[in-house]
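Colleague: Before I use these assignments, I would like to hear the grounds for them.
Modeller: Here is the entry; ask about whatever looks doubtful.

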Amino acid sequence: RRGNEPEFRRLTAEFGASRWDRLDEYMDVIDQFFRAYEEFNQVLMYVRREVAMPPDPYATSTDFERTRMFYGEAFEVMGSHLDFVAAVNNIASGRSFDQLAQISLQRFRGSDKGRRAGTIAPNAELAWLAAEYDNRLRNASHHRWLRLSPDRSRLSYREGGNGALVTLSYAEYLHRCCSITAQLMLLASIEIYSN
């Protein structure tokens with residue numbers, strides 16, 4: 001804002017027109033998070049305190065249907081809303097808010113969501129907002145490829161649906177869901193504060 005007040009005003013006017021719809025999308029993810037809070041609460045303190053989980057973390061699922069697609073849903077909202085961070089990055093880089101280094105913001109909005117975080121990756125002040133952003137896990141979650149082990153403590157999926165087998169603990173999955181949710185909450189706060 002301080003670097004280019006007129007351009008920042010143009011950005012807020014552009015995003016202000018859809019701010020309530022955007023806020024509804026954030027709130028939908030937050031609502032889903034709290035509907036499965038009993039699951040996420042098993043690891044939430046690690047994310048809140050920014051403390052690494054112990055080796056071989058253990059958590060079990062009592063309601064996997066509430067969490068199975070959560071990462072994919074949160075990823076989709078994050079991918080859609082990275083346009084705001086990209087616009088801020090444009091201004092910070094000395095460009096108009098709607099012009100990325102190679103493409104327009106409009107083209108960015110139509111690009112592959114799996115690669116959108118790469119736009120802000122070079123900017124350390126913004127990159128942390130999308131530190132948890134895994135397109136492979138998004139696909140597994142979004143397409144219901146995640147499989148829960150019989151003891152309900154491990155997940156597995158095949159990349160692309162039929163590729164290499166990937167396994168992770170349920171605790172790690174919950175941690176990653178909590179991390180992307182925290183990022184979404186921060187991004188929502190930034191958007192609200194900016195308008």
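The exchange below goes through a helix, a core and a sheet of this predicted model.

Colleague: How do you know that the span of helix α1 agrees with its 12 residues?
Modeller: At 1.5 Å a residue, residues 5-16 should span 16 Å, and the end C-alpha atoms are 16 Å apart, so the two agree.

Colleague: Which residues of α1 are buried, and what puts them on the same side of α1?
Modeller: Glu7, Phe8, Leu11, Thr12 and Phe15 are the buried ones. They lie on the same side because their arc around the axis is only 140 degrees. Residues three or four places apart in an α-helix point the same way, since there are 3.6 residues a turn. The buried residues of α1 pack against α2, α6, α7 and α10.

Colleague: What makes the link between Asn4 and Glu7 at the start of α1 a polar contact?
Modeller: A side-chain oxygen of Asn4 comes to within 3.1 Å of the backbone nitrogen of Glu7; the cut-off for such N or O pairs is 3.5 Å, so the pair counts.

Colleague: Which members of the largest nonpolar core touch the most others?
Modeller: Of its 51 residues, these are Phe40, Phe70, Leu82, Leu105, Leu146 and Tyr173. The largest share of this core, 12 residues, comes from α6. Tyr173 has contacts beyond its sequence neighbours within four places, including Phe70, Leu146, Leu155 and Leu168.

Colleague: Why are β2 and β3 called paired?
Modeller: Pairing needs at least two bridges, and β2 and β3 have five, in the antiparallel sense. One bridge joins Leu155 to Leu168 in β3.

Colleague: What makes β1 and β3 edge strands?
Modeller: The open sheet has the order β1-β2-β3, and β1 and β3 each pair on one side only.

Conventions: Residues are numbered from 1 along each chain as its sequence is written. This is a predicted model: local features need pLDDT of at least 70, side-chain atom pairs count only at pLDDT 80 or more; totals for chains, interfaces and linings use all residues. Side-chain values use heavy atoms; hydrogens and water are left out. Helices (H or I, at least four residues) and strands (E, at least two) are DSSP runs, numbered from the N terminus. The expected span of a helix is 1.5 Å times one less than its number of residues. Buried means under 20% relative accessible area, exposed over 50%, partly exposed in between (1.4 Å probe, protein chains only). The arc is that of the directions from the helix axis to the C-beta atoms. Contact means heavy atoms within 4.5 Å. A polar contact is a pair of N or O atoms within 3.5 Å; within protein, one must be able to donate a hydrogen and the other to accept it, and residues adjacent in sequence count only if both atoms are side-chain atoms. A nonpolar core is a set of buried Ala, Val, Leu, Ile, Met, Phe, Trp, Tyr and Cys residues joined through side-chain atoms within 4.5 Å.
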